[in-house]
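Here is a friendly walk through one protein model, written for someone who would like to follow along with the structure open. We will go from a single residue to helix packing, then to charged pairs and loops.

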Amino acid sequence: MLKKRIISAIIGILLLIFLVFAGSLPFFITVSMITVLAVREYSRMLEIQSKLLRSILAASAVLIVFNVYLISNNFNYLPSGIIFFIITFALYLYNLYDYQEVEFIKNLSHQLFSVIYIGGGLSFAVFLRDINQGVFVNTSALWLVLIATWLTDSGAYFVGKRFGKKAMAPVISPNKTVAGAVGGIFTTAIFIIFASLFLEVFNIYYFIFAFLFPVVAIMGDLFESCIKRSFRVKDTGTIIPGHGGILDRFDSFIFTAPFTYYFIILLLG
């Protein structure tokens, strides 16, 4: 399992490096493809059989990513409220077409949540790649999030495997330990602090960010574990050998990306 994780990670990193530096448009297309695959996994967990509904969900999530691409490249774009209305209305029309009296609100809520959670969360990858504020230029903000998220996951995995005894959330995810969480937090915090010191921008906000970031990453991981527990599945998919599905790999990123973006805009930039 570990060998598969390492091989998959190396291939993924090399591919990611190429796609990030290929340009804003190729990266948008990449994020859109990841979004479609993630929505497909979520649709499978929801046991959605309708190809039409699956298409509406995927298109809605990609619409969010596309609008962010327009915003980050200073093109004309639609206000977020209009995007939300279009998506909600499209899902409403589908649920009228396939009306289920008892399940109407439940279905609509599940569908809308999947679009916001996946499309909204992953769209911040585009924001982070294109942001130019303070020291965060030339895709550096995106790399910060990707590396720090990976360090949190890796630190928690290896420290938990070596020292973990007490489960952090035994009902939600029995394999996650308190020792692993502490290891992940300090691994990432040390990296962020040293990086900010190296760039000569360290201040109290970076110190706070260094410890908050891994906590948010762990919460994102736990959040997806709650979803999988609710749907009675172990992994969201099998597309990435040794890692599971797209959502299994990007669960923390969906939380850390928007957190970092707004922290940069409000405090770090």
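## A serine and its neighbours

Leaving aside residues up to four places away in sequence, S114 touches Y42, L57 and G119. Before going further, please keep in mind that this is a predicted model. S114 sits in helix 5. Is S114 buried or exposed? With a relative accessibility of 1%, S114 counts as buried, because buried means under 20% relative accessible area. One of the residues that S114 touches, Y42, also takes part in the helix contact described next, where Y42 belongs to helix 2.

## Two helix pairs

Let us begin with helix 2, which covers residues 24–45, and helix 9, which covers residues 246–268. How do the two run relative to each other? Their axes come within 10 Å and cross at roughly 110°. Angles of 65 to 115 degrees count as roughly perpendicular, and helix 2 and helix 9 are therefore roughly perpendicular to each other. The crossing in which helix 2 passes helix 9 is left-handed.

Which residues make this contact? Helix 2 contributes I34, L37, A38, E41, Y42 and M45, and these meet I246, L247 and F250 of helix 9. Sorted by class, the contact of helix 2 with helix 9 has 8 nonpolar residues, 1 charged residue and no polar ones.

The second pair is helix 5, spanning residues 104–130, and helix 8, spanning residues 204–231. The axes of helix 5 and helix 8 come within 14 Å and cross at roughly 150°. Angles over 145 degrees count as roughly antiparallel, which makes helix 5 roughly antiparallel to helix 8. Here too the crossing is left-handed, with helix 5 passing helix 8.

On the helix 5 side, H110, F113 and Y117 make the contact, while helix 8 supplies F223, E224, I227 and F231. By class, the contact of helix 5 with helix 8 has 5 nonpolar, 1 polar and 1 charged residues.

## Charged pairs

How many salt bridges does the structure hold? There are 6, and the table lists three among them.

| Salt bridge | Closest N to O distance |
|---|---|
| D130 with R129 | 2.7 Å |
| K228 with D248 | 3.0 Å |
| D221 with K176 | 3.6 Å |

For the pair of D130 and R129, both residues are buried.

D221 and K176 form a salt bridge. This pair links distant parts of the chain, with D221 in helix 8 and K176 in strand 2 (residues 173–177), 45 residues apart. D221 has a relative accessibility of 18% and therefore counts as buried, since the cut-off for buried is under 20%.

Next come K228 and D248, whose side chains meet in a salt bridge. K228 lies in helix 8 and D248 in helix 9, so the pair ties together parts that are 20 residues apart in sequence. Both K228 and D248 are buried. Salt bridges that share partners bring E224, K228 and D248 together in one network. E224 is also one of the helix 8 residues in the contact with helix 5.

## Out in the loops

Some exposed loop residues are worth a look as well. K234 is placed in the loop between helix 8 and helix 9. Is K234 buried or exposed? Its relative accessible area is 70%, so K234 is exposed, because exposed means over 50%. K234 and V36 are 198 residues apart along the chain, and their C-alpha atoms are separated by 21 Å.

R232 is found in the loop between helix 8 and helix 9. Although R232 is not a glycine, it has a positive phi of about 60°. R232 counts as exposed, with 72% relative accessibility.

N138 lies in the loop between helix 5 and helix 6 (140–163). The phi of N138 is near 50°, a positive value in a residue other than glycine. With a relative accessible area of 61%, N138 is exposed.

Methods. Residues are numbered from 1 along each chain as its sequence is written. This is a predicted model: local features need pLDDT of at least 70, side-chain atom pairs count only at pLDDT 80 or more; totals for chains, interfaces and linings use all residues. Side-chain values use heavy atoms; hydrogens and water are left out. Axes are lines fitted to C-alpha atoms, for helices over the stretch in contact, and angles run from 0 to 180 degrees between N-to-C directions. Helices (H or I, at least four residues) and strands (E, at least two) are DSSP runs, numbered from the N terminus. Angles under 35 degrees count as roughly parallel, over 145 as roughly antiparallel, 65 to 115 as roughly perpendicular and the rest as oblique. A crossing is left-handed if the near helix is turned anticlockwise from the far one by less than a right angle, and right-handed if clockwise. Contact means heavy atoms within 4.5 Å. Ala, Val, Leu, Ile, Met, Phe, Trp, Tyr, Cys and Pro count as nonpolar, Asp, Glu, Lys and Arg as charged, and the others, Gly among them, as polar. Buried means under 20% relative accessible area, exposed over 50%, partly exposed in between (1.4 Å probe, protein chains only). A salt bridge is a side-chain nitrogen of Lys or Arg within 4 Å of a carboxyl oxygen of Asp or Glu.
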